[in-house]
Amino acid sequence: MELNIQKTMIATMGEVLDMLPEGDIKKTIKQSVQNKADKFSSLERAFEKMCSKKYSDETMNLFLNGWKATHLKMLPIYGLSCRLNQLGMASEDKEQKLAFLESSAYNAKTSHEDLGMGFDAISHGQLYDEFAFSMVKSDEWKLAKYDTKEANDFASWVYKSMLLESIPYALCINMFSEFYNHAEYAYSFLTFKYSMENFYGIKGEELEDAIRYIDVHNQYETEIHHFMAVINAIEKYEKASKEKVSTEIMSEVISIYIDRVCEAIETIAKKFD
């Protein structure tokens, strides 16, 4: 049985874009993604390669360490919400205050499931640990010797940008992150399901438990809801600040995000040669 995935990451993204009304956000994301079509093809090849056979634990440790670094960004999300809260609390205009605080609340909504709210306080971090343990049977992958510089650089860029760059820039990072993650999780779910079934002998309920970290993002359309929440956060910020989030900033963020995450995943995949 060969791995055969019919739907590309860009096709999955297109389904989400179809949910949006016509406007600058939809147009900018669509064009920016199309401009990076080659990067998405490279990402797909990387996941297929890393799931094409059973690799050594040493090699899988490199993936598990690096992939986690490109996800689970609750801290910068919280930091951005704190920045919006500061603006709201500093405003003496009641309508502006409310809009800033609503923007903060919508932004924070993107980490509710990650923290385990509504899911018995089982965080996505815990689910990732269980996903990793199902394959390598240890927590050794967390050691610094398995770090990938490009993945850590990506995580650092996200954190610093969401706390130090302009708020429109930071909101665009969170928005596109959720949008991108939906497509990546949809694709990687199929590659890892194939790998776990065929090379690790994980099936049935055991497979459901092992792959739950990825599946929860698909089963409940978690990232789609988060993406829509950040769009609401942007709209509330624009109302409060009377400042339109420019398509130039949005395009720049999307381009940098794709380049950096692709560089991280490609670098990890090279270790699977």
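Hi everyone. Let me start with one term: buried means under 20% relative accessible area, exposed means over 50%, and partly exposed is whatever falls in between. By that yardstick glutamate 197 is partly exposed, because its relative accessible area is 23%. Please keep in mind that what you have in front of you is a predicted model.

Glutamate 197 is a good way into helix α10, so let's stay there. The side chain of glutamate 197 meets that of lysine 193 in a salt bridge, at 3.2 Å from N to O. Both residues belong to α10, and they sit 4 residues apart, about one turn of the helix. Why does that spacing suit a pair? An α-helix has 3.6 residues a turn, so residues three or four places apart point the same way. Lysine 193 counts as partly exposed too, with 31% relative accessibility.

Now the helix as a whole. α10 runs over residues 167-199, which makes 33 residues. From first C-alpha to last, α10 reaches 45 Å, close to the 48 Å expected at 1.5 Å a residue. How much of α10 is covered? Mostly covered is the answer: 27 of its 33 residues are buried. After the helix comes glycine 201, with a positive phi near 65°.

One of the residues inside α10 deserves a stop, and that is asparagine 174. Asparagine 174 is buried, as its relative accessible area is 0%. Which residues does asparagine 174 touch, not counting those up to four places away in sequence? They are Lys73, Ile77, Asn107, Thr110, Met162 and Val230. Phenylalanine 119, on the other hand, is 55 residues from asparagine 174 in sequence and 22 Å from it in space, C-alpha to C-alpha.

Just ahead of α10, in the loop that joins it to α9 (149-164), we find serine 166. Serine 166 is partly exposed, with 34% relative accessibility. Its C-alpha is 9.8 Å from that of isoleucine 249, although 83 residues separate the two in sequence.

On to the core. The largest nonpolar core holds 80 residues, and those with the most contacts inside it are Phe63, Trp67, Phe131 and Phe192. Which helix gives the most to this core? Here α10 comes back, contributing 16 residues. If you click on phenylalanine 63 and leave aside neighbours within four places in sequence, you will find it in contact with Phe47, Met50, Tyr128, Phe131, Phe192, Ile268 and Phe272.

For the charge lovers among us, the structure holds 13 salt bridges. One of them pairs the side chains of aspartate 259 and lysine 36, at 2.8 Å from N to O. Aspartate 259 is in helix α14 (residues 247-270) and lysine 36 is in the loop between α2 (24-35) and α3 (37-50), so this pair ties together parts that are 223 residues apart in sequence. Is each partner buried or exposed? Lysine 36 is buried, at 15% relative accessible area, while aspartate 259 is partly exposed, at 27%.

Another salt bridge joins the side chains of lysine 145 and glutamate 140, at 3.5 Å from N to O. Lysine 145 is exposed, with a relative accessible area of 56%, and glutamate 140 is partly exposed, with 34%. There is also a network of salt bridges that links Lys68, Asp129 and Lys142.

Let's turn to the surface. Leu75, Tyr78 and Tyr159 form a nonpolar patch there, with about 350 Å² of accessible area together. Leucine 75 is part of helix α5 (residues 74-90) and is exposed, at 55% relative accessible area.

Last, a few backbone angles. Most residues other than glycine have a negative phi. Alanine 121 has a positive one, near 60°. Alanine 121 is in the loop between α7 (112-115) and α8 (124-136), and with 60% relative accessibility it counts as exposed. Lysine 137, which is not a glycine either, has a positive phi of about 60°, and its place is in the loop between α8 and α9. Lysine 242 also takes a positive phi, about 55°, just after α13. That helix covers residues 222-241, and its 20 residues reach 28 Å from first C-alpha to last, close to the 28 Å expected.

That's my tour. Thanks for listening!

Notes
Residues are numbered from 1 along each chain as its sequence is written. This is a predicted model: local features need pLDDT of at least 70, side-chain atom pairs count only at pLDDT 80 or more; totals for chains, interfaces and linings use all residues. Side-chain values use heavy atoms; hydrogens and water are left out. Helices (H or I, at least four residues) and strands (E, at least two) are DSSP runs, numbered from the N terminus. The expected span of a helix is 1.5 Å times one less than its number of residues. Buried means under 20% relative accessible area, exposed over 50%, partly exposed in between (1.4 Å probe, protein chains only). A nonpolar core is a set of buried Ala, Val, Leu, Ile, Met, Phe, Trp, Tyr and Cys residues joined through side-chain atoms within 4.5 Å. Contact means heavy atoms within 4.5 Å. Patches are made of residues with over 30% relative accessible area and no salt bridge: like charges are joined within 9 Å, nonpolar side chains (Val, Leu, Ile, Met, Phe, Trp, Tyr) within 5 Å. Accessible areas come from the Shrake-Rupley method with a 1.4 Å probe; for residues, only the protein chains shown count as cover. A salt bridge is a side-chain nitrogen of Lys or Arg within 4 Å of a carboxyl oxygen of Asp or Glu.
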